[in-house]
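Hi,

Here is the structure I promised to send over. Have a look at it first, and my notes follow underneath.

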Amino acid sequence: MAAGGPSRSERKAAERVRRLREEQQRERLRQVSRILRKAAAERSAEEGRLLAESEDLVTELQGRSRRREGLKRRQQEVCDDPEELRRKVRELAGAVRNAKYLVVYTGAGISTAASIPDYRGPNGVWTLLQKGRSVSAADLSEAEPTLTHMSIARLHEQKLVQHVVSQNCDGLHLRSGLPRTAISELHGNMYIEVCTACTPNREYVRVFDVTERTALHRHQTGRACHKCGAQLRDTIVHFGERGTLGQPLNWEAATQAASKADTILCLGSSLKVLKKYPRLWCMTKPPSRRPKLYIVNLQWTPKDDWAALKLHGKCDDVMQLLMDELGLEIPPYSRWQDPIFSLATPLRAGEEGSHTRKSLCRSREEPPPGDRGAPLSSAPVLGGWFGKGCTKRTKRKKT
């Protein structure tokens, strides 16, 4: 035996004893678990004695079961019945009318009607991955602003909504017609790349998804700044990253809006990420001075207990009822009037092959009657900007 410690054989014997005890504990746990799954009347006297002798294990297993059931309930989608939903929407409409400064927080749930998957719904990205199922990439070039996006744009136009804070990267708020100053896209915009070597940062809006070559901690898009030649980067903030760009994240406007808000409307967000941003919830203020919170979501959120009202309904259904209650018409989305085409910067010669993602195409639909004679000089679908399957238009001559 070595001085000051057990011998090798003694250590091996102690390890065998430890493993044996662990295996006996696991077997006891399995036995108790099987017994607990039985109805009390079906348990034998021997099984009853085993439960009585294993109070700690019974308590642990019952706690696990409660946590699993609680998690399952939180993941379930709950719908208010139609009459209850209408009643809640009337209350929400009153809050919108009376709000002095209304801020809207949006999540993936407002874009599911555009065939963009959410994250935590029954068919959400994280839900499917946790079940071991594959997730197919959606073609976001086909996505268009939904009824909810267009309703929010109209509410802002009517000065009923002052600012929109979005977790979404799909660019649909921008394409709905919301002014850039009225949006904070906290996790970036898939249509925007920037040059961080320029001061201030030089921004390039594109008509295609710029994230084809980018990933976590790898943000260079493969194109260069037209001004200084530095590499451009996307604006996406991945999990585990900290967003530092001024635009399109627009954190300054988001925090200013939150500080001024007396009402916050959360649409289609699980709030599991947003809850981690205390600046958005005015947590430094006493509870009585914090904004009133209204939540529209089919699932549980960690802010439900703080809400003045929780509406269990699909965002488009709720917003249709809300706009009807407010007496406001929802403007239809028009590809021809999509702001992204007038904001976008064309690729330079030689950059046409820098991406393979399908481009947005303005020529899919005819212009509105009043615009049929307008020149297309302001429509950046010319000069190599066409997506696959688009037909090039000829610029009209002025008469």
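**The annotated histidine**

His187 is buried, because its relative accessibility is 11% and the cut-off for buried is under 20%. Before you go further, keep in mind that this is a predicted model.

I started with His187 since UniProt, in an unreviewed entry, lists it under "active site". That label comes from the record, and such annotations may be inferred rather than shown by experiment. In the fold, His187 sits in the loop that connects strand E3 (183-185) with strand E4 (192-195).

Which residues does His187 touch, once its neighbours within four places in sequence are left aside? The contacts are Ser166, Gln167 and Cys169, then Thr235, Ile236 and Val237, and finally Val273 and Tyr277.

**Cysteines**

Next, the sulfurs. A disulfide is a covalent bond between the sulfur atoms of two cysteines. The count for this model comes to zero disulfides. Why is there no bond between Cys225 and Cys195? The sulfur of Cys195 is the closest cysteine sulfur to that of Cys225, but the two are 3.8 Å apart, which is too far for a bond, because a disulfide needs the pair within 2.5 Å.

As for exposure, Cys225 is buried, with 1% relative accessible area. Cys266 is buried too, at 0% relative accessibility.

**An enclosed space**

If you are thinking about voids, the count comes to one cavity of 30 Å³ or more. The volume of the largest cavity is about 30 Å³. Its lining is made up of Phe208, Asp209, Val210, Glu212, Arg213, Thr221, Arg223, Ser354 and His355. By type, that lining splits into four charged, three polar and two nonpolar residues.

**An open pocket**

I also went through the second largest pocket, which holds about 220 Å³ of space. Two helices, H1 (8-36) and H3 (55-75), each provide at least two residues of the lining. What lines this second largest pocket? Going along the chain, you will find Arg26, Leu29, Arg30, Ser33, Leu36 and Arg37, followed by Leu61, Gln62, Arg64, Ser65 and Arg68. Sorted by type, five of the lining residues are charged, three are polar and three are nonpolar.

That's what I have for now. Shout if anything is unclear.

Cheers

Technical notes
Residues are numbered from 1 along each chain as its sequence is written. This is a predicted model: local features need pLDDT of at least 70, side-chain atom pairs count only at pLDDT 80 or more; totals for chains, interfaces and linings use all residues. Side-chain values use heavy atoms; hydrogens and water are left out. On a 1 Å grid over the protein atoms alone, a cavity is a set of points where a 1.4 Å probe fits but cannot get out, and a pocket is an open set with protein on both sides within 12 Å along at least five of seven lines; lining residues have an atom within 4 Å of a point. Grid points are joined across faces, edges and corners, and a volume is the space filled by probe spheres set on the points. Helices (H or I, at least four residues) and strands (E, at least two) are DSSP runs, numbered from the N terminus. Ala, Val, Leu, Ile, Met, Phe, Trp, Tyr, Cys and Pro count as nonpolar, Asp, Glu, Lys and Arg as charged, and the others, Gly among them, as polar. Buried means under 20% relative accessible area, exposed over 50%, partly exposed in between (1.4 Å probe, protein chains only). Contact means heavy atoms within 4.5 Å.
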